[in-house]
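The exercises below concern how helices and strands are arranged in a single predicted model. Please work through each task with the structure open, and then compare your reasoning with the solution.

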Amino acid sequence: MKNRFHVLIAEDDPFIRKVLRHALEDEFEVSTQVNGIEAMSWLEKGNPVDILVTDLQMPHMDGRELIRTVRSSPLFAKLPIIILSTFEDSNTRITCLELGADDYMTKPFNPLEVKAKITAVLRRSGIRLVNS
């Protein structure tokens, strides 16, 4: 049986969740949550995850607050994070990277590029990728 890495997606747009799930599910285990509070609750219940992909604009707990919360937790501080956002300005990208995001992509995005970025971030994080 193939050992697959687990991607948690925090995104309030159901269409984007569906596109990401479809693009990633052949190579990764994929779980989705609709905002930062649900994503943190899911993590705190002990669900294993290897990388977090999050939007910035979400209700209840936005992506910036999610990054802060993840980075302040001793359990999740090293969890790789990729941002997917409509914000294209340099200040937003810099702020997210300074808060602890590992990469930043703007919407609209190519799902194959998201998959490639996830693989690259996991590789840089020292997580061994399994080929088969």
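**Exercise 1: Two helices in contact**

H2 passes H3 in a right-handed crossing. Task: determine how the directions of H2 and H3 relate, and which residues of H2 meet which residues of H3.

Solution. Begin with the axes: those of helix H2 (residues 36–44) and helix H3 (residues 63–72) come within 9 Å and cross at roughly 20°. Since angles under 35 degrees count as roughly parallel, H2 is therefore roughly parallel to H3. Next, list the residues in contact: on the H2 side they are Gly 36, Ala 39, Met 40 and Leu 43, and these meet Leu 66, Thr 69 and Val 70 of H3. Sorted by character, the residues of this contact between H2 and H3 comprise five nonpolar and two polar ones, with no charged residue.

**Exercise 2: The sheet and its edges**

Task: establish the order of the strands in the sheet, and state which strands stand at its edges.

Solution. The sheet is open and consists of five strands in the order E2-E1-E3-E4-E5, with parallel pairing. E2 and strand E5 (103–106) each have a single partner strand and stand at the edges, so that one side of each is left without a neighbour in the sheet. From one strand to the next, the twist averages 20°.

**Exercise 3: From E1 to E2**

Task: describe the pairing of E1 with E2, and find the handedness of the connection between them.

Solution. Strand E1 (residues 5–10) pairs with strand E2 (residues 28–33) in the parallel sense, over six bridges. Within E2, Glu 29 is the bridge partner of His 6. The connection leads from E1 through helix H1 (residues 14–24) to E2, and this β-α-β crossover is right-handed. A further bridge partner in E2 is Thr 32, which belongs to Ile 9. H1 packs on the sheet, where it touches E1, E2 and strand E4 (81–85), and the direction of H1 makes about 170° with that of E2. H2, for its part, lies across E1 and E2 and runs at about 150° to E1.

**Exercise 4: H1 and H5**

Task: characterise the crossing of H1 with H5 and the residues that make the contact.

Solution. The axes of H1 and helix H5 (residues 111–124) come within 9 Å and cross at roughly 60°, and the crossing is right-handed. H1 contributes Val 19, Leu 20, Ala 23 and Leu 24 to the contact, while H5 contributes Pro 111, Val 114, Lys 115 and Ile 118. The residues of this contact of H1 with H5 divide into seven nonpolar and one charged, with no polar residue.

How values were computed:
Residues are numbered from 1 along each chain as its sequence is written. This is a predicted model: local features need pLDDT of at least 70, side-chain atom pairs count only at pLDDT 80 or more; totals for chains, interfaces and linings use all residues. Side-chain values use heavy atoms; hydrogens and water are left out. Two strands pair if DSSP finds at least two bridges between them. Helices (H or I, at least four residues) and strands (E, at least two) are DSSP runs, numbered from the N terminus. A crossover is right-handed if, with the strands pointing away from the viewer, the path from the first strand over the helix to the second runs clockwise. Axes are lines fitted to C-alpha atoms, for helices over the stretch in contact, and angles run from 0 to 180 degrees between N-to-C directions. Angles under 35 degrees count as roughly parallel, over 145 as roughly antiparallel, 65 to 115 as roughly perpendicular and the rest as oblique. A crossing is left-handed if the near helix is turned anticlockwise from the far one by less than a right angle, and right-handed if clockwise. Contact means heavy atoms within 4.5 Å. Ala, Val, Leu, Ile, Met, Phe, Trp, Tyr, Cys and Pro count as nonpolar, Asp, Glu, Lys and Arg as charged, and the others, Gly among them, as polar.
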